[in-house]
Each structure stands twice: as structure tokens, then as C-alpha cells.
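This report describes one protein model, taking a helix, a sheet and a few single residues in turn. The text can be read alongside the sequence and the coordinates.

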Amino acid sequence: MDFVADGLAHGRRFRCLNVVDDYTRECLAIEVDTSLPGLRVTHVLDRLAMMRGLPRSITVDNGPEFAGRALDAWAYQAGVKLSFIRPGKPVENAYIESFNGKFRDECLNEHWFLSLRQARSLIEAWRIEYNTERPHSSLGYLAPEQFANGYRQEEFFNTGL
């Protein structure tokens, strides 16, 4: 999980909370708003938990939204370990950093956002395309959603459910 900042055409800044599954490379969510405090981060995670369940661990940097009480309390209650990277060592969260670079190059730098509503719409469309159409060499040239569906199906058969 990490943040990326950008701006609207008239200069107002906004932030994007990017949540990526390190294993499947799926972008699970991109939350877009002018302010994304720790409590808002927990709401995004609650929404994802209802859709997919919770991971054992979430890797984050030491930003105030991640190191604050709201996320700490949420993680404790949910039984999720927060794994903080060392300050100044973004390589310790390489998957999200790689994703952020692609997101900036292929989405944020390609659009002139006129409104927050437009930014949300175009960013969500890019997220869906990223998950469904973009092959990844690390996934055997499958799109993240294809890889994840195969993994979930394999897990289903291996557990005998």
C-alpha cells in the first residue's frame, strides 16, 4: 500500500491510495480524494476485506496515515501485521513502487484531470484495464486477474472445498 499525489487542471492537489496484492500483482483499489487520513485507509481495507478477505501482513512506509493510531488499531483488531519498511528504503516495498511508476506514466501523466469525479472515473478505468488486459512477465504473461483466478481455482481444488 502506498500513496501517489497529483493535481487537477486548476491546481488542486489530490492523492491516490494504491493497494496492490504482491502475489497476484492485482491492483485491489485506488482510492482518490483530496484527503486520505488513516481512518479513511481503514475504510478502504474494510471494503477490501469484505470482498477478498484479509492478508496476514501489509507492507507500508512510515507515513502518518500508516503509522498512526487508526491503522494500528484496525490492524490489531483484524489480526493483520503491519510491516513497515525502513525510512528511505522504498525498495523494501518494490511491488508497490513499481506499480506507482506504471500508474504515474500510463495514467496520471496521460490525463489532464478537470475534476475529482473525472479523475476517479479515468483512474478506475485504468485500474480495471491494468488488472484484466495487461500481461505481466512475472505472471507467465497473464494479466493479474487471469493469474489470480487460476490461483484461486487451484487453491480451491487443493483444499478439497
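The model is a predicted one. On helix α3, the face turned away from the buried side carries the exposed residues Arg69, Asp72, Tyr76 and Gln77. Helix α3 spans residues 69-78, and its buried residues are Leu71, Trp74 and Ala75. These three cover an arc of only 95 degrees around the axis, which puts them on the same side of α3. An α-helix has 3.6 residues a turn, so residues three or four places apart point the same way. The cover over the buried residues of α3 includes helices α1 and α2 (64-67), together with strands β4 (57-60) and β5 (81-84). Just after α3 comes Gly79, with a positive phi of about 75 degrees.

**The sheet**

Three strands make up an open sheet in the order β1-β2-β3, and their pairing is antiparallel. The edge positions belong to β1 (2-7) and β3 (27-33); each has a single partner strand, so one side of each is left without a neighbour in the sheet. On average, and with direction ignored, neighbouring strands of this sheet are turned by 20 degrees against each other. Strand β2 is largely enclosed by the rest of the structure, because 6 of its 8 residues are buried.

Strands of a sheet pair through backbone hydrogen bonds, either parallel or antiparallel. Here β1 and β2 pair in the antiparallel sense over 6 bridges, and Gly7 has Arg13 in β2 as its bridge partner. The two strands form a hairpin with 5 residues between them, and Gly11 in the turn has a positive phi of about 105 degrees.

Strand β2, residues 13-20, also pairs with β3 in the antiparallel sense over 6 bridges. Along this pairing, Val19 stands opposite Ala29 in β3, while Arg15 stands opposite Asp33 in β3. A hairpin with 6 residues between the strands joins β2 and β3, and Arg25 in its turn has a positive phi of about 65 degrees.

Two helices lie across β1, β2 and β3. Helix α1 (residues 38-52) does so while running at about 150 degrees to β3. Helix α4 (residues 94-106) also lies across the three strands, at about 20 degrees to β1.

**Glu65 and Arg15**

Is Glu65, a residue of helix α2, buried or exposed? At 13% relative accessibility, Glu65 counts as buried, the cut-off being under 20%. The side chain of Glu65 makes a polar contact of 2.5 Å with that of Arg15. Leaving out residues up to four places away in sequence, Glu65 touches Phe3, Arg15, Leu36, Pro37, Gly38, Val41 and Leu71. Leu71 in this list is one of the buried residues of α3.

**Cysteines**

A disulfide is a covalent bond between the sulfur atoms of two cysteines. The structure holds 0 disulfides. Cys16 is in no disulfide, and the nearest cysteine sulfur to it, that of Cys107, is 7.8 Å away. For Cys27, the closest cysteine sulfur is in Cys16 at 9.8 Å, too far for a bond.

**Leu139**

Leu139 is found in the loop between α5 (116-133) and α6 (144-159). Which residues does Leu139 contact, leaving aside its neighbours within four places in sequence? They are Tyr23, Thr24, Arg25, Pro144 and Phe147. Arg25 in this list is the residue with positive phi in the turn between β2 and β3. Leu139 and Tyr23 are 116 residues apart in sequence, and their C-alpha atoms are 9.2 Å apart in space.

The table gives the relative accessible area of some buried residues.

| Residue | Relative accessible area | State |
|---|---|---|
| Cys16 | 0% | buried |
| Cys27 | 1% | buried |
| Leu139 | 5% | buried |
| Glu65 | 13% | buried |

Note on methods. Residues numbered from 1 in each chain as written. Predicted model: local features only at pLDDT ≥ 70, side-chain atom pairs only at ≥ 80, totals over all residues. Heavy atoms only, no water. Pairing = 2+ DSSP bridges. Helix = DSSP H or I, 4+ residues; strand = E, 2+ residues; numbered from the N terminus. Axes fitted to C-alpha atoms, helices over the stretch in contact; angles between N-to-C directions. Contact = heavy atoms within 4.5 Å. Buried < 20%, exposed > 50% of the residue type's maximum accessible area, 1.4 Å probe, protein only. Arc of directions from axis to C-beta. Polar contact = N/O pair within 3.5 Å; in protein donor to acceptor, adjacent residues only side chain to side chain. Disulfide = S-S within 2.5 Å.
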